[in-house]
Amino acid sequence: MISMIMVLNQKGEIMISRQYRDDVSRVAADSFRLQVIAAKEAGSQEPIRRIENCSFIYTRHLNMYFVALTKSNVNPALVFEYLFQKIRVL
C-alpha cells in the first residue's frame with residue numbers, strides 16, 4: 001500500500017503531499033530530495049529507489065517529480081499507472 005504521495009518541483013520543494021499512513025515521515029522526503037533531485041544525472045537514474053528503508057517510485061513530468069513512498073511490498077506497475085493517471089489529470 002502506498003504510504004505517501006508527493007509532487008515536488010525541480011528544486012525539491014514539496015508542492016503537494018498526501019500522507020495515507022504514518023509509517024513514513026517528512027525526513028524520508030528530504031532524503032529523496034538530497035539523493036535524487038540534487039544529483040546532476042537525475043534523468044539517467046532508475047525510477048525506483050530504496051532510501052532509508054523506504055521505496056521511492058517516481059517519475060518526472062514538466063519539471064515536476066511525482067513520487068510515491070512505501071515501506072511495504074507493492075506492485076510497481078500499479079503505482080506507475082496511478083502516477084501517470086495523476087499526470088494525465090493535471
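How many helices and strands does the chain have? Two helices and five strands. Before I go on, keep in mind that what you see is a predicted model.

Okay, let's walk along the chain. Starting at the N terminus, the elements come in the order β-β-α-β-β-β-α. And the radius of gyration is 12 Å, close to the 12 Å that the globule rule gives for 90 residues, so the chain is as compact as a globular protein of that length. If you prefer a box, the C-alpha trace spans about 30 × 30 × 20 Å along its principal axes.

Now, inside and outside. Of the 90 residues, 42% count as buried. The chain exposes about 5600 Å², and carbon and sulfur atoms supply 52% of that area. On the charge side, there are 12 positive and 8 negative side chains, with the centres of the two sets 4 Å apart.

What about contacts along the sequence? Take those with a separation of 6 or more: residues 24 or more positions apart account for 44% of them.

Let's zoom in on strand E3, residues 48-51. Which of its side chains are buried? Arg 49 and Ile 51 are, and they point to one face. Ile 48 and Arg 50 point to the other face and are not buried. So you get an alternating pattern as you read along E3. Have a look at the names, too: each face has one Arg and one Ile.

E3 has a partner, strand E4, which covers residues 54-61. The two run antiparallel and are joined by four bridges. One pairing you can find on screen is Arg 50 with Ser 55, its bridge partner in E4. Together E3 and E4 make a hairpin, with two residues between them. In that turn sits Glu 52, with a positive phi of about 50°.

Last stop: Val 79, in helix H2, residues 76-89. Is Val 79 buried or exposed? Its relative accessibility is 4%, and buried means under 20%, so Val 79 counts as buried. Who does Val 79 touch, leaving out residues up to four places away in sequence? The answer is Ile 2, Ile 57, Ala 68 and Val 74. And back to Ser 55 for a second: Val 79 is 24 residues from Ser 55 along the chain, and their C-alpha atoms are separated by 11 Å.

That's my tour, thanks for listening!

Technical notes:
Residues are numbered from 1 along each chain as its sequence is written. This is a predicted model: local features need pLDDT of at least 70, side-chain atom pairs count only at pLDDT 80 or more; totals for chains, interfaces and linings use all residues. Side-chain values use heavy atoms; hydrogens and water are left out. The radius of gyration is taken over C-alpha atoms; the globule rule is 2.2 Å times the number of residues to the power 0.38. Buried means under 20% relative accessible area, exposed over 50%, partly exposed in between (1.4 Å probe, protein chains only). Contact means heavy atoms within 4.5 Å. Accessible areas come from the Shrake-Rupley method with a 1.4 Å probe; for residues, only the protein chains shown count as cover. Lys and Arg count as positive and Asp and Glu as negative; His and the chain ends are not counted. The place of a charge is taken as NZ of Lys, CZ of Arg, CG of Asp or CD of Glu. Two strands pair if DSSP finds at least two bridges between them.
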